[in-house]
Amino acid sequence: MTGRCVTRDEDGGARHEGGPDIATPPSADLAGLEALRAGDIHVWYVDLALTVDTVDRLGACLSEDERGRASRFKFERDARRFVVARSALRTLLSGYLGLTPRGVAFTYGAHGKPALDGIHAVLSFNLSHSGDVAVVAAGWDRAIGIDVELRRPLPDLADLAARSFAPRERAVLDALPERERAAAFFRCWTRKEAFIKATGQGLAQALDAFVVSLGPAEPARFLDIDGDPDALSRWTLRDLQPPSGYAGALVVERTVRAVRGDRWSAAGAGT
Ligand SMILES: CC(C)(COP(=O)(O)OP(=O)(O)OC[C@H]1O[C@@H](n2cnc3c(N)ncnc32)[C@H](O)[C@@H]1OP(=O)(O)O)[C@@H](O)C(=O)NCCC(=O)NCCS
């Protein structure tokens, strides 16, 4: 895990809800990196637009299965983005676990959510990619979902919202002035996507059974989850600060003590 360039409190470090300070297992790769403490979430921003030589070097840490996936992309650019995102994920997780990137073994949930196996399962993570950006979130012992989306023109925005948003969310969207609608759409989309990725259910989860805030003046939060107050208090929703032109959200089970954002560097990674 190299090249720690930027560190910031995604949320201004606003909430510190306690829990013991448990350092990560020591690892040479983590030298200089602030430990991932209990209740903290680390968010890593990964630039996927790297040179072919760098991508080739990074790809050396992928599994056979991942190489197979990379080879099946129709466009070379998508294959390269996949390779960089997976090798960044492997390098980051290996740093927390004291393994080599190649030594990281994934298992997959019923709806395809990757996780770590056996004694390493206590480290939770999630990955998202869009355009030239990937984001990885990691934390101990709690479900995590993350989503990043390139803000792009969406001529079918109203149709997408009609298919994917809850009636309350659509009402907020429709009431906004036209100029604010696209930003609100991506806020809502990434917040909902981060939740269905946190539960691991993906699109098997009913998108209209939970409601998130999306208005420009509202903080990121759940407004309803299945009409269940317990579920509402079980999940934390935060916005990310991805590069300009992107929107992003993070959902974490239980409370979050602090969210730290860093930029991942490919220099020396993947070995
Ligand atoms: C697969 C899905 C979980 C995310 O897909 P996505 O938004 O296209 O892609 P993202 O880049 O955010 O996430 C993909 C990554 O999430 C992880 N992932 C895969 N299945 C997952 C699941 N069930 N739960 C959590 N994470 C999952 C993987 O790491 C995957 O990347 P990789 O295979 O390259 O390593 C699913 O939610 C989906 O198909 N969404 C489609 C978009 C949609 O209609 N959203 C409605 C929002 S209102």
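1. In this predicted model, the largest nonpolar core comprises 66 residues, and those with the most contacts inside it are Val 46, Val 135, Val 136, Ala 137 and Leu 250. Helix H3 (residues 76-97) supplies the largest share of this core, 10 residues. The core draws at least three residues from each of domain 1 (7-142 + 255-264) and domain 2 (148-252). In soluble globular proteins, nonpolar side chains tend to be buried together.

2. Val 46 merits a closer look. Leaving aside residues up to four places away in sequence, Val 46 touches Val 84, Ala 85, Ala 88, Val 133, Ala 134, Val 135, Val 136 and Trp 264.

3. The ligand is surrounded by 23 residues, of which Gly 112, Lys 113, Ser 128, Lys 197 and Gly 202 come nearest. Two or more residues of this shell are given by each of H3, strand E5 (123-130), strand E7 (144-150) and helix H6 (178-198). The largest share, 5 residues, comes from H6.

4. By class, the shell around the ligand contains 8 nonpolar, 9 polar and 6 charged residues. Domain 1 and domain 2 each contribute at least three residues to this shell.

5. Asp 226, which is not a glycine, has a positive phi of about 55°. Asp 226 is located in the loop between strand E9 (222-225) and helix H7 (229-234). Asp 226 is exposed, because 10 other C-beta atoms lie within 10 Å, and the cut-off for exposed is 12 or fewer.

6. Arg 254, also not a glycine, has a positive phi of about 65°. Arg 254 sits in the loop between strand E11 (246-253) and strand E12 (258-264). With 15 other C-beta atoms within 10 Å, Arg 254 is partly exposed.

Key. Residues numbered from 1 in each chain as written. Predicted model: local features only at pLDDT ≥ 70, side-chain atom pairs only at ≥ 80, totals over all residues. Core = buried A, V, L, I, M, F, W, Y, C linked by C-beta atoms within 7 Å. Buried ≥ 20, exposed ≤ 12 C-beta atoms within 10 Å, placed from the backbone. Helix = DSSP H or I, 4+ residues; strand = E, 2+ residues; numbered from the N terminus. Domains from an automatic or database assignment. Contact = placed C-beta atoms within 7 Å. Near = placed C-beta within 6 Å. Nonpolar A, V, L, I, M, F, W, Y, C, P; charged D, E, K, R; others polar.
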